[in-house]
Amino acid sequence: MHFDPRVQRALREAGLDADAVADASDRVAELVARDADRLRAFFDADGPYYSDMEMAHSAGAIQEHATADVDLFTHGSDLRGYLSLDGWGVPVEGGRILREDDSGDPVVVELSLGDTVNDRVRFAREREEL
């Protein structure tokens with residue numbers, strides 16, 4: 001079960017039986033795994049990538065990254081992993097698709113980055129998308 005005890009209780013109080021709560025928990029895990037696959041695919045192509053990451057050595061609002069690679073894993077509702085950018089990296093503590101094109105491919109994604117960055121950062125394949 002991927003819901004904490006309070007969420008489980010709230011779902012039962014809302015009228016869901018134990019099987020429905022378990023089904024909802026399984027669905028959450030499926031959706032997180034699907035997003036992880038789509039985020040991996042977004043970062044599979046060659047660079048450049050653009051981000052709105054604040055960087056100490058840059059005054060620009062948009063950063064260009066020649067390379068980017070993400071290694072993600074999921075467990076229930078958790079999406080975690082590691083992002084490598086231009087020879088350095090940072091832990092990933094969550095992520096989501098923010099915008100898609102007409103064919104459903106991600107155009108703008110957001111990763112919650114851990115230590116050294118500690119922020120949500122948007123990424124796009126085209127500078128104008130940010």
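Start with one pair of residues: Leu 83 has Val 90 as its bridge partner in β5. The model is predicted. Leu 83 itself sits in strand β4. That strand covers residues 78-85, and β5 covers residues 88-100. The two strands pair in the antiparallel sense over five bridges.

Leu 83 is a useful anchor for the rest of the tour. This residue is buried, with a relative accessible area of 1%. Burial here requires a value under 20%. Set aside the neighbours within four places in sequence, and Leu 83 is in contact with Phe 43, Asp 69, Val 70, Trp 88, Gly 89, Val 90, Val 92, Leu 111, Leu 113 and Phe 123. For a distance check, take Asp 52. Leu 83 and Asp 52 are 31 residues apart in sequence, and their C-alpha atoms are 15 Å apart in space.

Now widen the view to the sheet. Strands of a sheet pair through backbone hydrogen bonds, either parallel or antiparallel. Here the pairing is antiparallel. Seven strands make an open sheet, ordered β2-β1-β7-β6-β5-β4-β3. Strands β2 (63-65) and β3 (68-75) stand at the edges. Each of these two has a single partner strand, so one side of each is left without a neighbour in the sheet. From one strand to the next, the twist averages 35 degrees.

Follow the sheet from β5 onward. Strands β5 and β6 run antiparallel and are joined by six bridges. One link is Glu 100, whose bridge partner in β6 is Pro 106. The hairpin of β5 and β6 has five residues between the strands. In that hairpin, Gly 104 takes a positive phi near 90 degrees.

Next comes the pairing of β6 with β7. These strands also pair in the antiparallel sense, over six bridges. Val 108 has Ala 124 as its bridge partner in β7. How enclosed is β6? Seven of its eight residues are buried, so β6 is largely enclosed by the rest of the structure.

The turn between β6 and β7 deserves a look at its backbone angles. The two strands form a hairpin with five residues between them. Thr 116 lies in this loop. Its phi is positive, about 90 degrees, although Thr 116 is not a glycine. Asn 118 lies in the loop between β6 and β7 too. Asn 118 also has a positive phi, near 50 degrees, and is a residue other than glycine. Are these two residues buried or exposed? Thr 116 is exposed, with a relative accessible area of 69%. Asn 118 counts as exposed at 54% relative accessibility. The cut-off for exposed is over 50%.

Turn to the helix that covers the sheet. Helix α2 spans residues 18-42 and lies across β1 (49-51), β3, β4, β5, β6 (106-113) and β7 (119-124). The helix runs at about 170 degrees to β3. A length check works out. At 1.5 Å a residue, the 25 residues of α2 should span 36 Å, and the end C-alpha atoms are 36 Å apart, which agrees. At the N-terminal end, Asp 17 acts as a cap. A side-chain oxygen of Asp 17 lies 3.2 Å from the backbone nitrogen of Asp 19.

An α-helix has 3.6 residues a turn, so residues three or four places apart point the same way. With that in mind, read the buried positions of α2: Val 21, Ser 25, Ala 29, Val 32, Ala 36, Arg 38, Leu 39 and Phe 42. After the helix, the chain enters the loop between α2 and β1, where Pro 48 is placed. The peptide bond from Gly 47 to Pro 48 is cis, with omega near 10 degrees.

Helix and sheet come together in the core. The largest nonpolar core has 23 residues. Phe 43, Met 53, Leu 83, Val 92, Leu 111, Leu 113 and Phe 123 touch the most other members. The elements giving two or more residues to this core are α2, β3, β4, β5, β6 and β7. Helix α2 supplies the largest share, four residues.

Finish with Leu 111. Beyond its neighbours within four places in sequence, Leu 111 is in contact with Leu 39, Phe 43, Leu 83, Val 92, Gly 94, Gly 95, Asp 119, Arg 120, Val 121 and Phe 123. That list leads back to Leu 83, the residue in β4 where the tour began.

Methods: Residues numbered from 1 in each chain as written. Predicted model: local features only at pLDDT ≥ 70, side-chain atom pairs only at ≥ 80, totals over all residues. Heavy atoms only, no water. Pairing = 2+ DSSP bridges. Axes fitted to C-alpha atoms, helices over the stretch in contact; angles between N-to-C directions. Contact = heavy atoms within 4.5 Å. Core = buried A, V, L, I, M, F, W, Y, C linked by side-chain atoms within 4.5 Å. Buried < 20%, exposed > 50% of the residue type's maximum accessible area, 1.4 Å probe, protein only. Expected span 1.5 Å × (residues − 1). Polar contact = N/O pair within 3.5 Å; in protein donor to acceptor, adjacent residues only side chain to side chain.
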